[in-house]
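Biologist: I am new to this structure and would be grateful for a close look at a single part of it. Please choose one part, explain it with care, and then place it in its wider setting.

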Amino acid sequence: MPFAKATLKELREEIKKDRSAIRSACQALGERIGKKDSGIRAYISFDASRLEADIERLVREKNPAITEKPLFGIPVSLKDNLCTRGWETTCASRILKGYIPPYDATVVERLRANGAIIFGKCNMDEFAFGSSTESSCYGPTANPWDLSRVPGGSSGGSAACVAADEAIAALGSDTGGSIRQPASLCGVVGVKPTYGRVSRYGLIAFGSSLDQIGPLTKTVEDAAILTNVIAGHDPKDSTSANASVPDFTQACRPDVKGLRIGLPREYFVPGLDKEVETAVKKAAEKLASMGAIVTEISLPHTEYAVAVYYIVAVAEASSNLGRFDGVQYGYRYPANHLSDMYFETRDRGFGGEAKRRILLGTFVLSAGYYDAYYLQGQKVRTLIKRDFDHAFRQVDVILTPVSPTPAFKIGERTEDPLAMYLSDIFTIPMNLAGIPAISVPCGFSKENLPIGVQFAAKHFDEETMFRAAYAFEQSTDFHKKKAGV
Amino acid sequence: MKVNVEQIALLARIKLKAEEKEKLTRDLGNILSYVEKLSSLKTDDVPPTSHVLAIENVFRKDVQSPQGIIEEVLTKAPEREGHFFKVPKVVEGS
């Protein structure tokens with residue numbers, strides 16, 4: 001079996017048959033990284049020797065309570081903003097270099113408790129600020145489909161390593177599209193669960209009213225398996241919801257008969273690449289041919305979403321990043337006075353995009369501007385959320401493009417922050433409304449670049465989201481095509 | 001909209017280099033002009049959304065729960081003294 005290419009589900013079957021598959025898979029992925037990652041740079045840290053103890057323990061494990069766990073022996077890679085005990089966690093920022101968390105994030109704890117091996121830490125935009133993985137202090141990650149292009153972001157490393165068969169599956173985080181957009185650009189599946197579905201304890205915070213952790217995988221069913229493991233209430237995150245977690249793999253069935261799917265007309269507008277538009281509309285036609293009821297709907301405040309986001313998200317970011325002051329961990333500039341230490345540490349520790357967002361956030365929260373920007377942003381956020389509430393009275397699922405274009409060239413948008421921010425125009429509204437959404441491969445451009453389609457559902461209705469996504473995926477072959485790298 | 005970047009940077013505790021100031025002033029101005037479109041919406045009767053879920057404050061008992069990780073936390077501190085993080089002198093004077 002070609003282990004590096006395996007899906008999570010396939011590898012699980014292999015491990016059930018023969019325990020040595022755990023070692024074979026880790027070795028195959030390690031070899032793949034050795035050959036390919038110098039060109040892709042999906043990983044910030046990977047060290048095969050770090051895995052040895054885990055592999056040894058799991059291969060010898062006799063307790064059926066452990067060997068029957070859903071991720072028994074499965075290597076999972078993590079975006080480098082998820083805390084791992086004893087393993088440097090940098091957020092791709094100079095200011096956190098050398099930070100070794102004394103604890104595991106709750107999702108990491110859950111992965112381990114379910115038999116997974118934490119495989120490697122993935123590159124990302126610094127503090128998840130970006131849509132291209134170019135703002136990382138380690139340099140950009142390349143798209144496995146075309147190394148001159150970005151993988152999307154901010155979870156670009158997580159998406160690229162899955163697309164390049166350098167990982168079986170990965171976790172990322174999504175504040176405005178940071179899982180779904182790179183999944184779309186790299187031709188893999190990416191899920192942003194409902195706000196509150198997954199504990200953020202141990203996720204280095206960006207926009208606390210928006211952030212969610214979710215999986216990046218080769219198939220929809222793999223994403224459902226991982227969501228099962230990471231979802232659920234956590235006393236350590238008081239924003240995690242006390243909602244029961246169904247078995248999402250049960251929702252993965254190839255049946256959309258009678259499912260009401262809405263296409264918001266505001267998402268098919270000038271600026272949307274023609275090839276993307278065609279692929280996404282074909283996906284809707286495919287689902288209609290399978291018995292879904294496809295209608296046009298309206299989300300009238302869509303055009304305001306990016307503006308709201310760049311007030312709310314940066315305000316929360318500037319507040320969350322106040323803690324990086326060089327006192328307790330990470331980088332410190334050695335100065336003789338405390339004030340100099342703060343100013344110099346933050347100047348040298350933060351990259352350009354982080355500074356831009358901290359300053360913008362500080363500005364919109366400052367006296368005299370709060371009402372005009374932050375308060376007005378929060379009010380328009382209400383209007384955007386109401387659009388979705390209204391739409392979900394007519395339809396079960398909303399189908400949209402993920403990214404307005406396929407992967408763009410490295411360097412193409414770095415000089416124009418606003419152009420970069422508009423990369424997330426179709427994914428941001430779901431974060432503002434807090435609803436779950438998934439990106440699934442739905443085609444390729446003439447240049448052989450992947451295109452994704454997004455399915456969004458009501459709060460805590462990931463089941464309907466998975467059902468639509470799975471039915472579509474199983475009726476197509478796009479997810480089987482591999483990056484040429 | 002022209003932003004006084006120096007004043008904002010002071011509030012944010014970030015020292016900026018001269019060449020950064022110019023670019024950031026321009027970038028912030030562009031972004032704020034774009035965001036300006038929100039002012040065209042009438043929102044007098046719209047409540048703000050700070051959080052999308054109807055959750056309430058969560059309280060816990062204020063009790064000690066020793067984690068036993070003081071040493072682990074301090075090992076990687078930029079500078080320490082005993083069981084404390086050490087920083088440059090805060091209060092000036094005699």
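Modeller: A residue counts as buried if 20 or more other C-beta atoms lie within 10 Å of its own. Ala170(A) has 30 C-beta neighbours inside 10 Å, and therefore counts as buried. Please keep in mind throughout that this is a predicted model.

Ala170(A) belongs to strand 4 of chain A, which covers residues 169-174. Apart from its neighbours within four places in sequence, Ala170(A) is in contact with Val76(A), Ser77(A), Leu78(A), Cys122(A), Ser158(A), Cys161(A), Val162(A) and Leu216(A). One of these partners, Val76(A), is 94 residues away from Ala170(A) in sequence, yet their C-alpha atoms are 5.3 Å apart in space.

The wider setting is chain A itself. Among the contacts in chain A with a separation of 6 or more, 75% join residues 24 or more positions apart. Of its 485 residues, 62% count as buried. Chain A contains 16 helices and 11 strands. Its radius of gyration is 21 Å, close to the 23 Å that the globule rule gives for 485 residues, so chain A is as compact as a globular protein of that length. Taken along the principal axes, the box filled by its C-alpha atoms is roughly 65 × 55 × 45 Å.

Burial can also be followed along a whole helix. In helix 8 of chain A (residues 220-230), 10 of the 11 residues are buried, so this helix is largely enclosed by the rest of the structure. The buried residues include Val220(A), Ala223(A), Ile225(A) and Leu226(A), as well as Glu221(A) and Asp222(A). After helix 8 comes Gly232(A), with a positive phi near 125 degrees.

The next topic is how helices pack. Two packed helices are described by the angle between their axes and the distance between the axes. Within chain A, the axes of helix 10 and helix 12 come within 7 Å and cross at roughly 105 degrees. That angle makes helix 10 of chain A roughly perpendicular to helix 12 of chain A. On the side of helix 10, the residues that meet helix 12 are Ile311(A), Val314(A), Ala315(A), Ala317(A), Ser318(A) and Ser319(A). Their counterparts in helix 12 include Arg357(A), Ile358(A), Leu360(A) and Gly361(A). By class, this contact has 8 nonpolar, 4 polar and 1 charged residues.

Helix 10 of chain A also leads to the partner chain. In total, 55 residues of chain A are in contact with 43 residues of chain B. Helices 10, 11, 12, 13 and 14 of chain A each supply at least two residues to the side that touches chain B. Helix 13 of chain A gives the most to that side, with 11 residues. By class, the side of chain A that touches chain B has 29 nonpolar, 17 polar and 9 charged residues.

Across this interface, the axes of helix 10 of chain A and helix 2 of chain B (residues 18-35) come within 9 Å and cross at roughly 125 degrees. The two helices are therefore oblique to each other, and the crossing is left-handed. Ala307(A), Tyr310(A) and Ile311(A) of helix 10 make this contact with Ile31(B), Tyr34(B) and Val35(B) of helix 2. The contact has 6 nonpolar, no polar and no charged residues.

Technical notes: Residues are numbered from 1 along each chain as its sequence is written. Chains are lettered from A and ligands numbered from 1 in the order in which they are written. This is a predicted model: local features need pLDDT of at least 70, side-chain atom pairs count only at pLDDT 80 or more; totals for chains, interfaces and linings use all residues. Helices (H or I, at least four residues) and strands (E, at least two) are DSSP runs, numbered from the N terminus. The radius of gyration is taken over C-alpha atoms; the globule rule is 2.2 Å times the number of residues to the power 0.38. A residue is buried if 20 or more other C-beta atoms lie within 10 Å of its own, exposed if 12 or fewer, and partly exposed in between; C-beta atoms are placed from the backbone. Two residues are in contact if their C-beta atoms, placed from the backbone, lie within 7 Å. Ala, Val, Leu, Ile, Met, Phe, Trp, Tyr, Cys and Pro count as nonpolar, Asp, Glu, Lys and Arg as charged, and the others, Gly among them, as polar. Axes are lines fitted to C-alpha atoms, for helices over the stretch in contact, and angles run from 0 to 180 degrees between N-to-C directions. Angles under 35 degrees count as roughly parallel, over 145 as roughly antiparallel, 65 to 115 as roughly perpendicular and the rest as oblique. A crossing is left-handed if the near helix is turned anticlockwise from the far one by less than a right angle, and right-handed if clockwise.
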